[in-house]
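I opened this notebook to keep track of what I looked up, in the order in which I looked. The entries below are for a reader who comes to the structure fresh.

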Number of protein chains: 2
Amino acid sequence: MSLDVASLAHSMRDRLPPKHDAGWTLGISRPEAMAEPAEKAARHLDLPARQTILDEGDEARSLHVILEGSVMLSKLLPDGRRQIIELLGPGDVFGLCINRLSDVTAETVLPSRIVVYDRAVAESSPSLQRLVADRMKAQICALHDHAMLLGRKNAVERVATFLMRLVPNRGGQGCAGPLAAGKADQAQVHVTLTRQEIADYLGLTLETVSRAFSLLKRQGVLAYGRHDDVTIGNVCRLCQCTGSH
Amino acid sequence: MSLDVASLAHSMRDRLPPKHDAGWTLGISRPEAMAEPAEKAARHLDLPARQTILDEGDEARSLHVILEGSVMLSKLLPDGRRQIIELLGPGDVFGLCINRLSDVTAETVLPSRIVVYDRAVAESSPSLQRLVADRMKAQICALHDHAMLLGRKNAVERVATFLMRLVPNRGGQGCAGPLAAGKADQAQVHVTLTRQEIADYLGLTLETVSRAFSLLKRQGVLAYGRHDDVTIGNVCRLCQCTGSH
DNA sequence: CGAATAGTTGAAACTAATCAAGTAAAGTGG
DNA sequence: CCACTTTACTTGATTAGTTTCAACTATTCG
């Protein structure tokens, strides 16, 4: 039993993205073996980037599972302050809430394919239930990390942490660490969010995010021409900037 | 082993007054009908306040359900910065993680009763599964709110939001709002966390928390002599200070 | 090519952190 | 029971980091 879970968990973590850019350009893809349960009563959505799926306060009686692409969840304060709460990728779920109203707005970041299950269907399928429980655990851990970032990290640490998420298989618990040093430890990441979106995710202003990028560039940790194609010269060095190592 | 812990807990317990309003003094109790599933293979813990249950990085292969009391989950950065991630009450669950290691430290805030189910047991009981799924949804929503607080609210808003959580049946989605105005809208709350803990929860320093308390007191929103027994003169007025309304 | 959008950079303002001193309450030992 | 220590909280002065405001640059799109 525990061996089962262990090997599944392990394969989840080490698997590489199945397709080119879709998920991991955001660094949030965890494209594990995803149960594809009975497709009865499931609606499929095929959405372009920056499309709203669900508004804060909307009726939310269905379970959404991301097949491909990425989705961001955000909240607004009455005076317009926005916080992007979660960045989700393939396998992640959203749209579930205790009371029937969504507590967040959900919109695509990239063109995305999403399956929508009716609440009743979702709750009657054990395999779906299992998928949902596992993803929720993962998302809770991600929210824990993010609370630490928002509560205790400074601007550069936040931006560095964000960028590390974009590097597949790094920055998490299983970060290779300085072990891998010595060999060229370069990475290319594609930043799909605007500076404003990054700011709203990191609890900063877009100016502060821009300054942090510029600082890391000036220090030689990053290099970029177009602002969305970033080369990380030494991943470990960037990792050192996150405050977590 | 577990007996050891239990008896230790009992001997230390006498030093602290066991209050039975324990849960809601933190405002986090949601004492609904909680399924009490097959108690087989369940270990019960009876712990005094400020007792560590689980350390960040510990093996975490069991599901913990809070029956009574309250528990805080926290994380540390290598340089000692701490963030309290969640404040949990009766019915809430913790100790589950995708990989086998706990991502947080868990410790009691009040004397607490906790059931610990072995992972295998938890995963084989449909009723437990259901409980866990529901609680996780609720906790995710709470984490969403908290991310908004940490990312976008100022010091006074954070403290006001924290205090509102201590008022039963207020501050949430179902806040009565200014409707209830006119009648005396007073509340007494017992603050069980120290200023340092509140600060670690709200992403502030203890001095800033203290100043926010003092400011709200000076403005007549709060009154208190002993720093842990706070009278909220007008709940709606405090609610106005949270930034959420 | 001009307009619009996104990003960068600088200076000033402001909020919260830090440093430091002082007060209040609780616990300890004579 | 009282001085003494410890712990928790408060308050003030100063500093640091981020936000705000503003100007400017680069890129994308009709």
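Before starting, I fixed one term for myself: a polar contact is a pair of N or O atoms within 3.5 Å. With that in hand I looked up A:Tyr224, and found that a polar side-chain atom of this residue lies 3.3 Å from a phosphate oxygen of DNA strand C. I also note here that I am reading a predicted model.

**Entry: DNA strand C**

I asked which residues come nearest to DNA strand C. Of the 16 residues around this strand, the nearest are A:Ser210, A:Ser214, B:Ala155, B:Thr208 and B:Arg211. I then checked which part of the DNA is involved, and sugar and phosphate make up 62% of the atoms of DNA strand C that come within 4 Å of the protein.

Two further side chains caught my attention in this place. A polar side-chain atom of A:Ser210 lies 2.7 Å from a phosphate oxygen of DNA strand C, and an N or O atom in the side chain of B:Thr208 is 2.4 Å from a phosphate oxygen of that strand. When I looked for the elements that give two or more residues to this surface, I found α6 (206–218) of chain A together with α6 (206–218) of chain B. The most comes from α6(A), which gives four residues to the surface near DNA strand C. Sorted by class, the residues of this surface are three nonpolar, eight polar and five charged.

**Entry: DNA strand D**

I turned next to DNA strand D, which has 17 residues around it, and of these A:Ala155, A:Thr208, A:Arg211, B:Ser210 and B:Ser214 come nearest. Of the atoms of DNA strand D within 4 Å of the protein, I noted that 61% belong to sugar or phosphate, while the rest belong to bases.

For A:Ala155 I wrote down that a backbone N or O atom lies 2.7 Å from a phosphate oxygen of DNA strand D. From chain B, the side chain of B:Ser210 has an N or O atom 2.7 Å from a phosphate oxygen of this strand, and for the side chain of B:Ser214 the corresponding distance is 2.5 Å.

Which element supplies the largest share of the surface near DNA strand D? I found that α6(B) does, with four residues, and that α6 of chain A and α6 of chain B each supply at least two. The classes here come to three nonpolar, eight polar and six charged residues.

**Entry: how α6 packs in each chain**

Having met α6 in both entries, I looked at its helix neighbours. In chain A, helix α4 (residues 155–165) packs with α6(A) at an angle of about 75°, the axes being 9 Å apart, and that makes α4(A) roughly perpendicular to α6(A). The contact is made by A:Ala155, A:Val156, A:Val159 and A:Leu163 on the α4(A) side, and by A:Thr208, A:Val209, A:Ala212, A:Phe213, A:Leu215 and A:Leu216 on the α6(A) side. By class I recorded nine nonpolar residues, one polar and no charged.

In chain B I took another pair, helix α5 (residues 195–202) and α6(B), whose axes come within 8 Å and cross at roughly 100°. These two helices are therefore roughly perpendicular to each other. From α5(B), the residues B:Arg195, B:Gln196, B:Ile198 and B:Ala199 meet B:Leu206, B:Val209 and B:Phe213 in α6(B), a contact with five nonpolar, one polar and one charged residues.

**Entry: two residues in strands**

I looked up B:Thr231, which lies in strand β11 (residues 229–232) of chain B. Is B:Thr231 buried or exposed? B:Thr231 counts as buried because its relative accessible area is 19%, and the cut-off for buried is under 20%. The side chain of B:Thr231 makes a polar contact of 3.0 Å with the side chain of B:Gln188; residues that B:Thr231 touches, leaving aside those up to four places away in sequence, include B:Gln186, B:Val221 and B:Leu222.

In chain A, I found A:Ile66 in strand β3 (residues 62–68), buried with a relative accessible area of 0%. A:Ile66 and A:Ile114 are 48 residues apart in sequence, yet their C-alpha atoms are 4.6 Å apart in space.

**Entry: chain A as a whole**

Last, I noted that chain A has seven helices and 11 strands, and that buried residues make up 52% of its 245 residues. Among contacts in chain A between residues at least 6 apart in sequence, 75% join residues at least 24 apart.

Key: Residues numbered from 1 in each chain as written. Chains lettered and ligands numbered in written order. Predicted model: local features only at pLDDT ≥ 70, side-chain atom pairs only at ≥ 80, totals over all residues. Heavy atoms only, no water. Buried < 20%, exposed > 50% of the residue type's maximum accessible area, 1.4 Å probe, protein only. Polar contact = N/O pair within 3.5 Å; in protein donor to acceptor, adjacent residues only side chain to side chain. Contact = heavy atoms within 4.5 Å. Near = heavy atom within 4 Å. Nonpolar A, V, L, I, M, F, W, Y, C, P; charged D, E, K, R; others polar. Axes fitted to C-alpha atoms, helices over the stretch in contact; angles between N-to-C directions. Parallel < 35°, antiparallel > 145°, perpendicular 65-115°, else oblique.
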